[in-house]
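Hello,

Here is the structure I promised to pass on. Please have a look when you get a moment.

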Amino acid sequence: MTAAPSGTIGDLPLLRDAAREAGLIAMQYFGNSPQVWMKGGTSPVSEADHAADAYLRGTLLAARPDYGWLSEETVDDPARLSARRTFVVDPIDGTRGFLEGQRTWCVSVAVVEEGRTLAGVLECPAMDETYWALPGQGAFRNGKRIGVRTLGDKAEISGLKQLIDLMPAGWQKRLVRAPYSPSLAYRLAMIANGTLDATVVKPNAHDWDIAAADLILREAGGQLLDPHGRAPLYAGEVTRHGALAAGSGELLAVLVDVIAGLDA
């Protein structure tokens with residue numbers, strides 16, 4: 001086990017405490033018909049998202065005023081690009097599912113430096129689950145170390161509806177479609193926790209959707225990769241990503257080939 005980068009061990013308790021409180025704030029609205037608006041005409045945002053975001057921003061930046069801030073629910077300020085480290089936050093990842101009463105939504109918080117996640121936390125209060133990770137220190141769910149599962153004769157996969165049809169014939173017989181979770185962060189946590197084998201991420205995922213979960217998955221023995229087999233970078237000028245594949249082993253390698261074909 002390698003040492004975590006200097007300073008990030010101190011950030012982890014801060015992230016965990018803040019995410020836990022933000023989760024409690026969101027739970028006050030869960031199942032209680034919060035007010036909802038539409039962003040861009042298609043994406044819902046609720047008063048729960050705004051309340052959790054306001055708490056996280058106030059708490060985290062008060063503790064680390066020199067850090068940058070990047071959140072789904074805050075207007076982006078380019079001044080963050082001059083910060084050494086940046087908080088990357090989604091106050092409720094899976095808002096659509098949250099509003100529909102589904103439990104698999106998360107508060108996602110991460111610290112990023114030079115494009116890489118140095119500390120990541122997913123607080124999933126409706127599931128009574130908390131995930132966290134530091135580089136080289138492993139990934140944990142509710143205090144217990146987790147890891148991706150070994151691929152068996154069958155593999156559960158979540159993502160694009162046509163995904164199985166795009167796989168090589170030998171793989172098509174092995175793959176089983178898993179129930180879909182609107183929270184991308186939670187789907188990645190499921191792979192890290194060994195309850196899902198893989199997923200493919202449609203283009204246009206943002207940093208705040210995946211920065212925390214990426215580290216948790218990597219520390220659990222998996223990877224999140226682009227069509228070139230590269231890990232995403234975060235908190236740069238561009239915060240949107242193309243197609244991505246998540247998983248481990250030979251299945252991940254095949255999925256990277258599949259999304260490379262989609263990207264061509």
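Below are some notes on two helices and a surface patch.

This is a predicted model, so please note that local features need pLDDT of at least 70 and side-chain atom pairs count only at pLDDT 80 or more, while totals for chains, interfaces and linings use all residues. Residues are numbered from 1 along each chain as its sequence is written, and side-chain values use heavy atoms, with hydrogens and water left out.

Let me start with α7 (residues 207-219); helices here are DSSP runs of H or I with at least four residues, numbered from the N terminus. Its end C-alpha atoms are 18 Å apart, in agreement with the 18 Å expected for 13 residues (1.5 Å times one less than the number of residues). Even so, α7 bends by about 30° at Ala213, the angle between axes fitted to the seven residues ending there and the seven starting there. Because 12 of its 13 residues are buried, α7 is largely enclosed by the rest of the structure; buried means under 20% relative accessible area, exposed over 50% and partly exposed in between (1.4 Å probe, protein chains only). Among the buried residues are Asp207, Trp208 and Glu219. Just after α7, Gly221 takes a positive phi of about 105°.

Helix α2 (residues 47-63) has its end C-alpha atoms 24 Å apart, as expected for 17 residues. Its buried residues are Ala48, Asp49, Ala52, Asp53, Leu56 and Leu60. Seen down the axis, they fall within an arc of 120°, so they line one face of α2; the arc is that of the directions from the helix axis to the C-beta atoms.

Finally, Leu99 is found in helix α3 (residues 95-99) and is partly exposed, at 31% relative accessible area.

Best wishes

Methods. Helix = DSSP H or I, 4+ residues; strand = E, 2+ residues; numbered from the N terminus.
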